[in-house]
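Please look at the sequence and the structure together, and follow the cysteines before turning to the pocket.

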Amino acid sequence: MKAHIRWLDGMAFEAESGSGHRLTVDGPPDIGGRDRGPRPMELLLEGLGSCSAVDVVHILQRGRHPVAGCEVDVEAERAETPPKVFTAIHLHFRVRGEGLKAAAVARAVQLSAEKYCSASLMLARACEVTHSHEVVED
């Protein structure tokens, strides 16, 4: 897996993934950013939430559970002083489906957290990562 990062100007950078997808990342205004893209630490949370959501949906689909939607809210706390590392992260899943069983969703979230989500498992070595879920009936 690779990525290429190229400085644009100010505190803006273009990030290109190994699969060829590009996005603009920008720093906060107080250090010269112009709000042209997400902050790097925001991307880290988005990557974590996306990684885990892919697992949960995939696990439910493989189990032939009627999953129709999945949303994840990710909240993090950071240290007050540099380096402002994450000290705690919480992922809350809202999984939707007609007749979807809460036990199946709980198991999918647990499997993602404990076995499959490399981002979650890696970050859990550095800070507390917790998960919760709810099932929304269609």
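In this predicted model, the sulfur of cysteine 117 has its closest cysteine sulfur in cysteine 51, at 3.1 Å, and this is too far for a bond, because a disulfide requires a pair of cysteine sulfur atoms within 2.5 Å. Seen from the other side, the sulfur of cysteine 51 likewise finds its closest cysteine sulfur in cysteine 117, at 3.1 Å, which is again too far for a bond. By this rule the model is therefore assigned 0 disulfides.

The surroundings of the two residues can be described through their accessibility. Cysteine 117 has a relative accessible area of 0% and is buried, whereas cysteine 51, at 22% relative accessibility, is classed as partly exposed, because the buried class holds only values under 20%.

From the cysteines we can turn to the empty space in the model. Rolling a probe the size of a water molecule over the atoms reveals where such space is left. The largest pocket holds about 390 Å³ of space, and it is lined by 15 residues, of which Met1, Leu43, Leu44, Gly47 and Leu48 are the closest to its centre. Two or more lining residues come from each of the elements α1 (40-62) and α3 (118-123), and α1 makes the greatest contribution to the lining of this pocket, with 6 residues.

What classes of residue make up the lining of the largest pocket? Sorted by class, the lining consists of 10 nonpolar, 4 polar and 1 charged residues.

Technical notes: Residues numbered from 1 in each chain as written. Predicted model: local features only at pLDDT ≥ 70, side-chain atom pairs only at ≥ 80, totals over all residues. Heavy atoms only, no water. Buried < 20%, exposed > 50% of the residue type's maximum accessible area, 1.4 Å probe, protein only. 1 Å grid on protein atoms, 1.4 Å probe; cavity = no way out; pocket = protein on both sides within 12 Å on 5 of 7 lines; lining within 4 Å. Points joined across faces, edges and corners; volume = space filled by probe spheres on them. Helix = DSSP H or I, 4+ residues; strand = E, 2+ residues; numbered from the N terminus. Nonpolar A, V, L, I, M, F, W, Y, C, P; charged D, E, K, R; others polar.
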